[in-house]
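Open the model in your viewer and keep the sequence panel in sight. This tour moves from one selection to the next.

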Amino acid sequence: PAAIAALMTEADLAERYQGLPIVLDQPVAVFGLFFDAEATLDEHAAEYPILFLVIGGSGHVRVGGPTAPDTRVHAGYAVLWPANTPHLAWTDGEPMQAIAIEFPALWDAAPAEG
């Protein structure tokens, strides 16, 4: 929790977690995604932002619809999929493993448009 993290200096946090952690005081959903070689996560949009963290292998992502550029990703890459924005992930000759963190509370807290 953020209250515990606030008791530590930034340097202490970085040393303990071998880098600065993402500290959130809100509900999130965390999913492991395991792509075989030649696999595709169909293009879609979500109502809330998603952080896509590649933890193994490599593949491609596209954010923003069919005319947006494709980006090659591999372990260590992080991609933000904004709310209501089409996104897609796929692999070619190699499997890819990723963690997706969904932030529905950010969407719930966003002011209504109009």
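Select Asp92 first. At 28% relative accessibility, Asp92 is partly exposed. This is a predicted model. Now add Arg72, which is partly exposed at 40%. Arg72 and Asp92 form a salt bridge, with their closest N and O atoms 3.3 Å apart. The pair links distant parts of the chain: Arg72 sits in strand 4 (residues 70-74), while Asp92 is in the loop between strand 6 (87-90) and strand 7 (96-102). In sequence, the two are 20 residues apart.

**The salt-bridge network**

How many salt bridges does a search of the whole structure find? The search finds three.

Next, select Arg62. Its place is in strand 3 (residues 50-63). Is Arg62 buried or exposed? Its relative accessible area is 13%, below the 20% cut-off, so Arg62 counts as buried.

Show the side chain of Glu43. Arg62 and Glu43 meet in a salt bridge at 3.4 Å, N to O. Arg62 lies in strand 3 and Glu43 in strand 2 (residues 40-44), so this pair ties together parts that are 19 residues apart in sequence. Glu43 is partly exposed, at 30% relative accessible area. The 3.4 Å approach of the two side chains is also a polar contact.

Now bring in Asp70. Asp70 forms a salt bridge with Arg62, and the closest N and O atoms are 3.6 Å apart. Asp70 has a relative accessible area of 46% and is partly exposed. Through shared partners, salt bridges join Glu43, Arg62 and Asp70 into one network.

Stay on Arg62 and display the backbone of Gly65. The Arg62 side chain reaches the backbone oxygen of Gly65 at 3.2 Å. Then show what surrounds Arg62. Beyond four places away in sequence, Arg62 touches residues including Ala68, Pro69, Pro86, His87, Leu88 and Trp90.

**The aromatic cluster**

Move along strand 3 to Phe52. Which residues form one aromatic cluster with Phe52? Select Phe35 and Trp81: with Phe52, they make up the cluster. The count of aromatic pairs comes to two.

Look at Phe35 and Phe52 together. Their pairing is edge-to-face, with 6.5 Å centre to centre and 75° between the planes. Phe35 lies in strand 1 (residues 29-35) and Phe52 in strand 3, so the pair ties together parts 17 residues apart in sequence. Both Phe35 and Phe52 are buried.

Turn to the rings of Phe52 and Trp81. Their centres are 4.6 Å apart and their planes are at 20°, so this pair is stacked. Trp81 is in strand 5 (residues 78-81), and Phe52 and Trp81 are 29 residues apart. Trp81 is buried, as is Phe52.

**Helix 1 and a nonpolar patch**

Select Ala5, placed in helix 1 (residues 2-5). Ala5 is buried, with a relative accessible area of 14%. Leaving aside neighbours within four places in sequence, Ala5 is in contact with Leu13 and Val23. Add Leu24 and check the C-alpha atoms: Ala5 and Leu24 are 9.8 Å apart in space and 19 residues apart in sequence.

Keep Leu24 selected and switch on the surface. Leu24 joins Ile22, Val28 and Val30 in a nonpolar surface patch of about 340 Å². For the last stop, pick Ile22. Where is Ile22 found? Ile22 is in the loop between helix 2 (10-17) and strand 1. At 57% relative accessibility, Ile22 counts as exposed.

Technical notes:
Residues numbered from 1 in each chain as written. Predicted model: local features only at pLDDT ≥ 70, side-chain atom pairs only at ≥ 80, totals over all residues. Heavy atoms only, no water. Helix = DSSP H or I, 4+ residues; strand = E, 2+ residues; numbered from the N terminus. Buried < 20%, exposed > 50% of the residue type's maximum accessible area, 1.4 Å probe, protein only. Polar contact = N/O pair within 3.5 Å; in protein donor to acceptor, adjacent residues only side chain to side chain. Contact = heavy atoms within 4.5 Å. Phe/Tyr/Trp six-rings, centres within 6.5 Å; stacked < 30°, edge-to-face > 60°. Patch = residues over 30% accessible without salt bridge, like charges linked within 9 Å, V, L, I, M, F, W, Y side chains within 5 Å. Areas by Shrake-Rupley, 256 points an atom, 1.4 Å probe, with all protein chains shown as cover. Salt bridge = Lys/Arg side-chain N within 4 Å of Asp/Glu carboxyl O.
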